[in-house]
Amino acid sequence: MDEAHLQMVISRAMDDDAEALGELYGLFRARVFGLCRHLLGRQEDAEDATSEVFTRLPKSIKSYEASLPFPRWLLSVTSHYCVDRLRRRQLEQRLFEVEPAESLPLPVRETSPLQQVIDDEGRDKVKRAIAALPPQYRVPLTLRYYSDLSYDEIAEQLGLGRANVATLIFRAKQQLRRALSETT
Amino acid sequence: MDHFPELTYSMYVDRELAGPERLRVQEHLARCEACRRLVAALEVENRVLADTFQMTDPEVIAAQGNIGRSLVITVVSALAVALGLNWLVSGVEYLAPGVTSWVSPLNLGGLEGFFFSNALDLMREAPVVLDGLVTMLGLVVIAAIVFSILRHLMARHPMPVAILATALFALVAADPAKAIEKRSGQLVRVGPDQVVEDSLVTSGEAVQIDGTVNGSVIAPARRVIVRGDIKGDLVVGGQQVEISGTVEGNLFVWCQTLTVAGQVGRGIYFWGQTLQLDPSGRVNTDVWAGGDTLRLGGTVGRDVAWFGGAIDSSGAIGRNLQVHTGLLTVAKSAHIGGNLEAEVHNKQDAQIDPGATIGGKTEINLIKRSPSHYADPKFYLWQAIWLAAALILGLILNWLTPVLFEASLNTGGGLLRAAGIGFLALVATPVAAIIACLTLVGIPLGVLGLILWGVSLYLAKVFVGAALGRGVIQGRAGERPAFALALLAGLIIVFVTINLPYVGPWLSFLVTLVGLGLAILGAYRSRVRPPAAPAGL
């Protein structure tokens, strides 16, 4: 769908046009579901969350501003909802441990199991390893590499400092490497 | 040379370093080959991660197909369970000879007489046992709801739920104060001077109780003889059972022949071939029995309910006698304190001596045997008409409020959840509506509630059909299948299922529960509603 047409659909949706909202649903459902699936970890929860995001869309779209690309905005709304849901799911409110942004001396490392991934089977293993990450690592990693958010945007969404986001993503990759080394 | 930490390089490849720091890293990379290799490795990692995240979307389409796979798994599991039960029966026969051998699998006539004329008549036309069946079904559904809730809670709070479940189980499990004594052997005997303090579980060819058992007795055996005293219940599966002593609790018996010449403190629940209550025998409460022949020469304190071939009543029954039988004989010496209600095939099959004493009314009804509706072409025509009507209704409803069809049945959990919600709605809605009607101002609301409830019961099949159809029919990649096609496919599955012999009515009930649940879930999701069917629906 070209940009101009999308903008027209969005503006009709903001006027509560049911057909326009339906078109947005058809266009973005898969992407929203994919993000929910990564963030929440369970298919049933992802389906519920996807449904809820689109249920709220008629209201939430009224706060959309065209300065931000619509897909990015929608994924941001989705990740906000999923993170809230994760927080509610955990007994402990602090979903994300505030990790010190330490600076370690560099052990120079040249190869990682992630570099060996060249085909779909390998990517399946990576996908499973990502799904197995604890939420505090999985969520920032997903927001970075699925939603393409910057560290600042992730920090704002999760209520963390920028340096902590950087550390969490770094730790996530370390844990992925460890998990993949154990399976290969 | 001082290298930067790996965290800094990780931020560098993510383009997240601030200007001055980025420049410093670049200057270092220009001089350090090892760090350049590390940065290259991190960039490859990033690309792999980005590619991996982007390949997730096909799951959305794959998820839609799960219900088809679930159906196949269900059918295969049912077959596996049937085979397993078959092996289990063989195992039981090996461990406790006599329990099933007298029901010969090679004697089709015997099987037919035992199961089909009794069990199926029972399921279709026996109001007394229907109460028990409905209660059991209610318990099963409640258990399913509790299980579904526990399953969802378990996923979120496993430890507290595990502790709670263990505590509940401990409470309802066997009373720790009572132990169980196990005995096995060719002949298990409790001698005349012996007292077994606990409950007794036996395994062997024969069991003979001449002494006293202070608990209950569970005795699967070819032959069981009780001349002594059992304080609790007696549960028997076997061939011959003779009670000339006392069972102070209930008698639960599955056997070929049960002869009671002694005392039963509570009731007899029997399924087998012949039950004989001798003139010296006494049952303090009820007799519920099914089988080939019942001879009541003794005394029954309360009611007798019989489903079987022939009943011969010459003793005393405190209250009512209800029978569904091939032949009823009430002798002159018989005394029935309450009503006599009999269902027989022909009037001459009920022979009541004019000298018999019947305190209440006598009602003899004829059992109507209609030919099987499966042989009637009109049955299929009507089913096709109902299906077409349901299809049209479903299409209209989808056009008016498509969101009602949004709920899916992609997982077992979703199915249980829908059934649970449907059960609550089935039970709670009419109760709430009636309560509303009791307050005068609530009458319109109550009436509306009842109408909606009734309509939903009819439409339940449509919702289940739509959900099933979407699951078994794959649409084009990225889109859902055409609604009309999916609904038709699903409705065909539903109509075939609910018209299956014997299990059809139960499956129809389940479809109603699930359909109600799906409709409520769909309506809940529509409360701030969007759309219209997306493109392709």
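**A predicted two-chain model: parallel strands and crossing helices**

B:G360 counts as partly exposed, because 14 C-beta neighbours lie inside 10 Å of this residue. The model in which this glycine sits is a predicted one. B:G360 belongs to the loop that connects β21 with β22 (362-366) of chain B. Once neighbours within four places in sequence are left aside, B:G360 is in contact with B:G338 and B:N339. The second of these contacts spans a stretch of the chain: B:G360 and B:N339 are 21 residues apart in sequence, yet their C-alpha atoms are separated by 4.3 Å.

The strand that precedes this loop leads into the parallel sheet of chain B. Here 10 strands form an open sheet with parallel pairing, in the order β2-β4-β6-β8-β10-β12-β14-β16-β18-β21. Its edges are β2 (195-196) and β21 (357-358) of chain B, each of which pairs on one side only. Within the sheet, strand β6 (residues 229-230) and strand β8 (residues 246-247) of chain B are paired in the parallel sense over 2 bridges. In this pairing, B:I230 is placed opposite B:V247 of β8(B).

Other strands of chain B pair as well. Strand β1 (residues 180-190) of chain B runs parallel to strand β3 (residues 199-209) of chain B, and 10 bridges join them. In that pair, B:E181 faces B:L200 of β3(B). β3(B) is in turn joined by 6 bridges to strand β5 (residues 217-226) of chain B, again in parallel. Here B:Q208 has B:I225 in β5(B) as its bridge partner. β3(B) thus has a pairing with β1(B) and another with β5(B).

Further along chain B, strand β17 (residues 321-330) offers a view of burial and pairing together. Of its 10 residues, 7 are buried, so β17(B) is largely enclosed by the rest of the structure. Strand β15 (residues 304-313) of chain B runs parallel to β17(B) and is joined to this strand by 9 bridges. B:I311 stands across from B:L328 in β17(B). β17(B) also pairs in the parallel sense with strand β19 (residues 340-344) of chain B, over 4 bridges, and with strand β20 (residues 350-352) of chain B, over 3 bridges. In the pairing with β19(B), the partner of B:H324 is B:E343. In the pairing with β20(B), B:L328 stands opposite B:A350. B:L328 therefore takes part in two of these pairings, being opposite B:I311 and opposite B:A350, while β17(B) itself is largely enclosed.

Chain B also contains helices that pack against one another. Helix α11 (residues 443-472) and helix α12 (residues 483-498) of chain B meet at an angle of about 115°, with their axes 6 Å apart. The two helices are therefore roughly perpendicular to each other, and their crossing is right-handed. On the α11(B) side the contact includes B:K461, B:V464, B:A467, B:L468 and B:R470, and on the α12(B) side residues such as B:L487, B:L488, B:L491, B:I493 and B:V494. The residues of this contact comprise 12 nonpolar, 3 polar and 2 charged.

Taken as a whole, chain B has 13 helices and 22 strands. Of its 537 residues, 33% count as buried. Among its contacts between residues at least 6 apart in sequence, 32% join residues at least 24 apart.

Chain A has another make-up, with 8 helices and 0 strands. From the N terminus on, its elements run α-α-α-α-α-α-α-α. Buried residues account for 37% of the 184 residues in chain A. Among contacts in chain A between residues at least 6 apart in sequence, 69% join residues at least 24 apart.

One helix pair illustrates the packing in chain A. The axes of helix α6 (residues 135-145) and helix α7 (residues 151-158) of chain A come within 10 Å and cross at roughly 135°. These two helices are therefore oblique to each other, and the crossing is right-handed. A:P140, A:L143 and A:R144 of α6(A) meet A:I154, A:Q157 and A:L158 of α7(A). This contact is made up of 4 nonpolar residues, 1 polar and 1 charged. α6(A) is mostly covered, with 9 of its 11 residues buried. Its buried residues include A:P140, A:L143 and A:R144, which also take part in the contact with α7(A).

Methods: Residues are numbered from 1 along each chain as its sequence is written. Chains are lettered from A and ligands numbered from 1 in the order in which they are written. This is a predicted model: local features need pLDDT of at least 70, side-chain atom pairs count only at pLDDT 80 or more; totals for chains, interfaces and linings use all residues. Two strands pair if DSSP finds at least two bridges between them. Axes are lines fitted to C-alpha atoms, for helices over the stretch in contact, and angles run from 0 to 180 degrees between N-to-C directions. Angles under 35 degrees count as roughly parallel, over 145 as roughly antiparallel, 65 to 115 as roughly perpendicular and the rest as oblique. A crossing is left-handed if the near helix is turned anticlockwise from the far one by less than a right angle, and right-handed if clockwise. Two residues are in contact if their C-beta atoms, placed from the backbone, lie within 7 Å. Ala, Val, Leu, Ile, Met, Phe, Trp, Tyr, Cys and Pro count as nonpolar, Asp, Glu, Lys and Arg as charged, and the others, Gly among them, as polar. A residue is buried if 20 or more other C-beta atoms lie within 10 Å of its own, exposed if 12 or fewer, and partly exposed in between; C-beta atoms are placed from the backbone.
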